[in-house]
Amino acid sequence: MGNIYVISDLHGQGKAFYAMLEKIHFSQEDKLYILGDVVDRGPEGISLLEYIRRQENIEMILGNHEDMMLKSCKYPTDQMWMSTWMFNGGGTTLSGLRMLPKEDRLACLDYVRNLPLYRTISVEGVDYLLIHAGLPLKEGSMEEICQDIDEEEALWIRGEFFDSPVIPPYYIIFGHTPTGAMLRYSETIPADQRERCKEFKIAFWNHRIGIDCGAAYGKNLGCLRLNDFKEFYVKI
């Protein structure tokens, strides 16, 4: 087996994503997990989705932006969700969808519709829960907590997850909230990690690992190799 990588919140930043693949020397023997929010805000969300869904060694989980896209593209259109999606940068994604041939557009939406809410993996004997935003924490095994995962919380949660006193016996890797923005939602992140957040770097605390490094806002695209916890960054 090759190396195992995690990345999140590409938000249409195709140039940075492909630069990251080169930087980590990503090969067919490696595996990459993408924790949602490939689309919206940046210009290349749909072309990235089209690339990702064709790669056998790249797996993606659902993000809140993909969820907004699905809810907005139903027929008849849900105007409330369409307005929310457009407010959150969905215009570039909608344009990209419209440019696809119908067969590819339907296949792209079907791919997203079948994305999981989370994945559990083990690397070098360490267990990880991969999820877009997080989840309310409670005592128990990873299997027990996964039985009660709620979709809205998995896609949108912030402060309750950041500040929970529970330290699980496994690691939770998440995106959704840029690390620099996590400081607005939490006062319990340790001082050394707060400094990393200010630099939009990957944050590690209480078995939580935040890897959205603000690519959508002109900061960094961050990637973590789980074999040895080496960090990689591409500046937007």
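Me: How do the residues lining the largest pocket divide into nonpolar, polar and charged?
Reply: There are six nonpolar, six polar and six charged residues in that lining. Asp, Glu, Lys and Arg count as charged, Ala, Val, Leu, Ile, Met, Phe, Trp, Tyr, Cys and Pro as nonpolar, and the others, Gly among them, as polar. A pocket is an open set of points on a 1 Å grid over the protein atoms alone, where a 1.4 Å probe fits, with protein on both sides within 12 Å along at least five of seven lines; lining residues have an atom within 4 Å of a point.

Me: What kind of model is this?
Reply: The model is predicted: local features need pLDDT of at least 70, side-chain atom pairs count only at pLDDT 80 or more, and totals for chains, interfaces and linings use all residues. Residues are numbered from 1 along each chain as its sequence is written, and side-chain values use heavy atoms, without hydrogens and water.

Me: OK, aromatics. How many pairs?
Reply: The count is 14 aromatic pairs (ring centres of Phe, Tyr or six-membered Trp rings within 6.5 Å; planes under 30 degrees apart are stacked, over 60 edge-to-face, the rest tilted). One of them is Phe-17 with Tyr-51, edge-to-face, at 6.3 Å centre to centre and 75° between the planes.

Me: Buried or exposed, that Phe-17?
Reply: Phe-17 is buried, at 0% relative accessibility (buried is under 20%, exposed over 50%, partly exposed in between, with a 1.4 Å probe and protein chains only). Tyr-51 is partly exposed, at 27%.

Me: Why is the Phe-161 and Phe-174 pair called edge-to-face?
Reply: Because their planes are at 85°, with the ring centres 5.0 Å apart. Both Phe-161 and Phe-174 are buried.
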